[in-house]
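Please open the model in your viewer with side chains shown as sticks, and keep the selection panel at hand. The tour goes from one group of residues to the next, saying at each stop what to select and what is to be found there.

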Amino acid sequence: MLESSGVPDVFDPRIYATGIPHDRFRALRDRAPVAWQEEAGVLGWPAGSGFWAVTRHADVVRVLKDSRAYSSCLGATQIRDPDPADLPFIRRMMLNQDPPEHGRLRRLVSRAFTPGRIERFGATARERARQLLAGAIDAGGDVDLVRAVTDDYALLNLTDLLGVPPSDRGLLHTWTERVIAYQDPDEPPVLDAEGRPVNPRSPAMLAEMFGYAQELAAHKREHPADDVMSVLAMSELADAELEMFFFLLTVAGNDTVRSAAPGGLLALAEHPDEQRRLWSGEVDIDTAVDELLRVHPPVLSFRRTAAIDTELAGQSIRRGDKVVVFHASANHDERVFPDPHRLDLGRTPNPHVSFGDGPHVCLGAHFARLQLRVLHEEVRRACPGGLELAGPPRRLVSNFINGIKSLPVRLREPSAPRA
């Protein structure tokens with residue numbers, strides 16, 4: 001658990017294969033809320049320069065909000081440093097920009113995420129959830145909810161919103177896996193001529209996705225529809241900006257719900273009393289969704305780079321230092337959340353940071369919440385007897401995405417025929 005410095009290690013991706021390391025995070029919050037972490041070579045990836053781990057809620061929010069002191073642009077937003085030659089390319093993405101450049105792109109793209117457009121997708125998402133759940137129940141016995149329901153639910157909703165043809169949806173899944181699961185031993189690494197792993201966010205690895213984005217945009221200009229890619233294709237985005245937005249929406253838009261959906265269902269299966277409160281209507285569904293997001297944030301951490309010499313929680317930080325905020329720790333900070341390890345679906349207020357904070361707060365948060373609300377409503381409708389674990393979940397090996405690869409459950413069939 002301890003590095004040679006006596007500070008708990010929260011960097012090693014393998015730690016997260018058994019769940020969020022709450023004991024380590026609590027030790028950091030109590031004793032070293034801004035703690036230096038060694039960045040050892042692991043899983044074939046070389047050692048890095050190390051970083052400051054920020055674990056208390058107030059400090060996480062401060063870093064996320066203060067783009068003057070903590071930059072998304074200087075070193076991008078992943079813990080490991082990108083190849084210096086790739087950094088200008090990576091900085092094209094809105095996620096890796098600071099104000100005012102970030103604000104310009106965010107305003108352009110926010111036009112596509114209108115509440116009306118997103119709500120129109122609600123009916124489609126509901127029908128999809130019903131079909132997937134019906135198939136899972138009809139299969140009988142134990143079922144892997146990730147394979148049977150949540151993976152397809154997240155991916156198909158995203159491709160509907162983007163306007164990706166059904167025949168091309170498998171491409172998005174492949175590209176997402178390549179980027180998100182690169183630390184997981186189940187995802188074979190792509191190696192360069194010297195046998196070193198290649199950054200999945202590098203230009204070479206994204207060329208196929210970017211070529212597809214341009215082809216899709218050209219098609220949308222000729223055949224516009226009520227979808228996000230039609231709006232982006234008609235906007236003033238440069239080609240490189242459009243490509244990066246397609247990458248961001250494909251990966252972040254898919255994996256946010258893909259991670260949060262099974263994580264929330266796992267929490268419900270592990271807490272039958274709270275599950276019964278939700279099934280009986282005792283708690284509001286939107287309040288419950290936020291609590292499930294708090295206990296299972298889809299993103300574990302995000303990196304910033306100190307743009308100036310500064311101080312955080314009494315710790316001096318030098319310009320150029322990497323500063324990594326841990327959402328999963330902030331969401332369980334006893335200073336903000338009473339009894340933080342208790343699932344309370346009626347918890348309010350609930351200032352979790354699962355969608356970030358500050359200028360980079362998740363652009364698709366409303367879309368994600370809508371999908372999660374619909375899914376939980378449909379699970380409740382389809383399985384009035386509840387759901388229970390039928391085996392241990394399998395988790396993604398990652399210090400970035402809080403992913404679940406398999407969730408075996410037992411679904412209790414409805415007592416009356418499905419509508």
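Select Trp175, Tyr212 and Phe246 together: in this predicted model, these three residues form one aromatic cluster. A search of the whole structure finds 8 aromatic pairs, and two further pairs are visited below.

Next, select Phe25 and Phe326, whose ring centres lie 5.4 Å apart with an angle of 50° between the planes, so that the pair counts as tilted. Colouring by secondary structure shows where each partner belongs: Phe25 is part of helix H1, which covers residues 22-31, while Phe326 is in strand S8, which covers residues 322-326, and the pair therefore ties together parts that are 301 residues apart in sequence. Are these two rings buried or exposed? Phe25 has a relative accessibility of 1% and counts as buried, and Phe326, with a relative accessible area of 0%, is buried too.

Now move to Trp36 and Trp52, an aromatic pair with an edge-to-face arrangement, in which the centres are 5.0 Å apart and the planes stand at 75° to each other. Trp36 comes from strand S1 (residues 34-37) and Trp52 from strand S2 (residues 51-54), so this contact ties together parts that are 16 residues apart in sequence. If you display the accessible surface, Trp36 should be found partly exposed, at 29% relative accessibility, whereas Trp52, at 11%, counts as buried because the cut-off for that class is under 20%.

Keep Trp52 in view and extend the selection to the strands around it. S1 and S2 pair in the antiparallel sense over 4 bridges, and one place to look is Gln37, whose bridge partner in S2 is Phe51. On S2 itself, follow the side chains in turn: Phe51 and Ala53 point one way, Trp52 and Val54 point the other way, and all are buried.

Which strand does S2 join through 3 bridges? Select S8, the strand that also holds Phe326; S2 and S8 run parallel and are joined by 3 bridges. To find a point of contact between them, select Ala53, whose bridge partner in S8 is Val324. S2 is thus a convenient element to keep on screen here, with S1 paired to it in the antiparallel sense and S8 joined to it in the parallel sense.

For the last stop, select Arg294 and Phe337. The charged end of Arg294 sits over the ring of Phe337, at 5.3 Å from the ring centre.

How values were computed: Residues numbered from 1 in each chain as written. Predicted model: local features only at pLDDT ≥ 70, side-chain atom pairs only at ≥ 80, totals over all residues. Heavy atoms only, no water. Phe/Tyr/Trp six-rings, centres within 6.5 Å; stacked < 30°, edge-to-face > 60°. Helix = DSSP H or I, 4+ residues; strand = E, 2+ residues; numbered from the N terminus. Buried < 20%, exposed > 50% of the residue type's maximum accessible area, 1.4 Å probe, protein only. Lys NZ or Arg CZ within 6 Å of the ring centre and 35° of its normal. Pairing = 2+ DSSP bridges.
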